[in-house]
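Welcome! Please take a moment to look over the sequence and the 3D view, and then we can walk through a few features together.

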Amino acid sequence: MSDPISAAWDRLAAIRPSALADLFEADPARVEKLSRRLEFGLGELGDVGMLFDWSKTHLTDDALSAFEDLAAACDFAERREALFTGGIVNPTEGRAANHGAMRGSGPEAEVEEAAALLARMGMLVGAIHEGALGEVRHLIHIGIGGSALGPAMAVDALTRDGARVDVHVVSNIDGLALEQAFAACDPASTLIAVASKTFTTIETMTNAASALKWLDENGVADPYGRVVALTANPDRAVEWGVDETRVLPFPESVGGRYSLWSSIGFPVALACGMEDFRALLAGAKAIDDHFRAAEGRENVPLLAAFADQYYARLRGCQTRAVFAYDERLALLPDYLQQLEMESNGKRVTVEGKPVAGPTAPVTWGGVGTDAQHAVFQLLHQGTHLVPVDFIASIAPGDMLDPAHHRALLMNCLAQGAALMAGSGNEDPARAYPGDRPSAMILVDDIDAATLGALIAFHEHRTFANAVLMRINPFDQFGVELGKAIAKRIGAGEGEFDPSTRALMQAAGLG
Ligand code: F6P
């Protein structure tokens, strides 16, 4: 007799896939069954309305039942509870994952600590806005990975109509990135945020040192006095030279790619104000509450994970694509790449055994309508099956003729319809096979609260996928080997393969 996990997968594998058009034909209630509208009233912080339509995926009632059994067999409810109660959900590092506490979801002690840290950040942000550090027109935010992608995306999304401080996020060790930020900033009115959980990351510490040098060489009397540190290693930040009053700490149990909610979100608060930052947290908390309470297919992140698992494991899809039909979400695909690929790009289970099937697909995407004129050819007629997510807002982000936004939405809806319907033609080059899946997230508007909810939805979707694959989404040992070898190359130490040796010589590193 097979175990309950294999039994659920066997049931899923035995379901013969029907064409999407046939699924709609067979079930007039399909749209209602596979769509969920979530609405949250957040008082002064705003309202969130989001429609999730997963009906253009191949999920069926049978598949959903089998996935619900799979979730039960994988102890989904227990693992979810562990996530919210400070359980060790990151066993390889012996840690909890307390990012939820940063927005008020989690064990009382952690939630209280987070509220105190947030209040501290609020005081510093308020003081800067009131001029305590002199004129501050620019912020160069230096960080990489999770210490950069979240702030960059949120600032970009929420400041299209203006920012209180002009933020430049610099991540790459390539000096060109920092030079470009320098060129756009006046040193006398620039603050530097050094964002690093560990405060040891080579890219960040190198860029931070160069930024201080730039301030010094440009007449700023006390460069260290212009630095704010955002870190889980406050001692090291103080040792490095940042005054304790400008060190904004966050707990070690908040993972890098889940850290936007902590002091790593400082540039969002500085650019948009604390009110917006609190709204971002409140939107995320609303999704936490939904994820924690809703069961089975009613749980939207879990429902999305069912579809993700269906395509990755049962249909062999090696990628998934996300297209935001909104300029404000232009950086969302980059953000999701780290969230999903660094979390779930693993090959062993929590017990250290090989995972039975493929894990995270490659996440990629872009902005509509631009992507239609660049990569959609492959989605419609290529040989790869790519499940697509579309994200759009009912309210426009622009003040131009409403025709712009109308055309944007028309195009977005048309792509999902076209992928599914396809179109026959006697000429094979002009025929569209159709039956290609897509999902839609249609939000009422894009504001801080909705953005928070959108990100938290993806965090929980990623967690739900990890539970269904039985992997640990909270470590990232796969990034370490390359870092270690880069150090050895720099030091000219150790044995290298012939190709790397030759390249070191050619690059002047030999
Ligand atoms: O190298 C990967 C990584 O550890 C990411 O997980 C993390 O977001 C990034 O580097 C930056 O780390 P830190 O915030 O410690 O500088």
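## Around the ligand

How many residues surround the ligand, and which are the closest? There are 14 of them, and the closest are Ser147, Ser196, Thr198, Thr201 and Glu342. Keep in mind as you explore that this is a predicted model.

What kinds of residues make up this shell? Nine are polar, three are charged and two are nonpolar.

## Polar contacts and cover

Let's turn to some individual atoms. In the side chain of Thr201, an N or O atom lies 2.5 Å from an oxygen atom of the ligand. The side chain of Thr198 also has an N or O atom close by, 2.6 Å from a ligand oxygen. Gln338 joins in as well, with a polar side-chain atom 3.3 Å from an oxygen atom of the ligand. On its own, the ligand would expose 390 Å², and the protein buries 88% of that.

And where does the ligand sit? Look for the largest pocket: that is where you will find the ligand.

## A look at Asp53

Another residue to visit is Asp53, which belongs to strand 2, a strand covering residues 47-53. Is Asp53 buried or exposed? Asp53 counts as buried because its relative accessibility is 16%, and the cut-off for buried is under 20%.

Now try finding Phe390 too. Asp53 and Phe390 are 337 residues apart along the chain, while 9.8 Å separates their C-alpha atoms.

Note on methods
Residues are numbered from 1 along each chain as its sequence is written. This is a predicted model: local features need pLDDT of at least 70, side-chain atom pairs count only at pLDDT 80 or more; totals for chains, interfaces and linings use all residues. Side-chain values use heavy atoms; hydrogens and water are left out. A residue is near a molecule or strand if one of its heavy atoms lies within 4 Å of it. A polar contact is a pair of N or O atoms within 3.5 Å; within protein, one must be able to donate a hydrogen and the other to accept it, and residues adjacent in sequence count only if both atoms are side-chain atoms. Accessible areas come from the Shrake-Rupley method with a 1.4 Å probe; for residues, only the protein chains shown count as cover. On a 1 Å grid over the protein atoms alone, a cavity is a set of points where a 1.4 Å probe fits but cannot get out, and a pocket is an open set with protein on both sides within 12 Å along at least five of seven lines; lining residues have an atom within 4 Å of a point. A molecule sits in a cavity or pocket if more than half of its atoms lie within 2 Å of its grid points. Ala, Val, Leu, Ile, Met, Phe, Trp, Tyr, Cys and Pro count as nonpolar, Asp, Glu, Lys and Arg as charged, and the others, Gly among them, as polar. Helices (H or I, at least four residues) and strands (E, at least two) are DSSP runs, numbered from the N terminus. Buried means under 20% relative accessible area, exposed over 50%, partly exposed in between (1.4 Å probe, protein chains only).
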